[in-house]
Amino acid sequence: MNEMYNMGLSIHSVGEVFLLGVIFLNIFLLRASKSLKKYKRLMSVVLVPLTATTIGVAIFTGVIMMAAKHLEFTLENIVMILISLVLIFLEVKRIKSLKSMNENKERSLEAYKGFGLKLLYAEIALVSLISVWMWLI
């Protein structure tokens, strides 16, 4: 049983690393984008499903690990649940603001870049802090 639990923790950690990688990919593609229309298309086809999947993997493996620990609500688990909810909220906020942007306005991409990068940096900070905290325990 202990081997399965350790394997589950390893899979959960890999999921968190992939999540950080996807967030960095989002930042890179947002910085590199020149056209709002192309960026919106890229977001809807590639980045939103990829981001949602990696957040889902992290949450799913976390739920499995909690079930393996007989649903113990420790401080670490509660913090991870809250951070998961905040990550989902930030992503929804970022996606909704992008969908509502008018593609015909001249400086709409620059306005979104500032907002989107702020949210992505907040996501990196949250995931990094919880990861470092969990790896040090």
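**Exercise 1.** In this predicted model, decide whether L71 is buried or exposed, and then find the surface feature to which L71 contributes.

*Solution.* The relative accessible area of L71 is 53%, and since exposed means over 50%, L71 counts as exposed. The next step is to place the residue along the chain: L71 is found in the loop that lies between helix 2 (36-68) and helix 3 (75-99). Finally, L71 helps to make a nonpolar surface patch of about 730 Å², together with F73, I78, I81, L82, L85, I88 and V92.

**Exercise 2.** Work out whether the distance between the end C-alpha atoms of helix 3 agrees with its expected span.

*Solution.* Helix 3 has 25 residues, and the expected span is 1.5 Å times one less than that number, which gives 36 Å. The end C-alpha atoms are 36 Å apart, so the two values agree.

**Exercise 3.** Describe the setting of S84, starting from its relative accessible area.

*Solution.* S84 lies in helix 3, and its relative accessible area is 21%; because buried means under 20% and exposed over 50%, S84 is classed as partly exposed. The side chain of S84 reaches the backbone oxygen of M80 at 2.9 Å, whereas the C-alpha atoms of S84 and M7, which are 77 residues apart along the chain, are separated by 21 Å.

**Exercise 4.** Identify which helices the buried residues of helix 3 pack against.

*Solution.* Begin with the buried residues of helix 3, which include N77, I83, L87, L90 and E91. The buried residues of this helix pack against helix 1 (2-32), helix 2 and helix 4 (108-136).

Definitions and conventions
Residues numbered from 1 in each chain as written. Predicted model: local features only at pLDDT ≥ 70, side-chain atom pairs only at ≥ 80, totals over all residues. Heavy atoms only, no water. Patch = residues over 30% accessible without salt bridge, like charges linked within 9 Å, V, L, I, M, F, W, Y side chains within 5 Å. Areas by Shrake-Rupley, 256 points an atom, 1.4 Å probe, with all protein chains shown as cover. Salt bridge = Lys/Arg side-chain N within 4 Å of Asp/Glu carboxyl O. Helix = DSSP H or I, 4+ residues; strand = E, 2+ residues; numbered from the N terminus. Buried < 20%, exposed > 50% of the residue type's maximum accessible area, 1.4 Å probe, protein only. Polar contact = N/O pair within 3.5 Å; in protein donor to acceptor, adjacent residues only side chain to side chain. Contact = heavy atoms within 4.5 Å.
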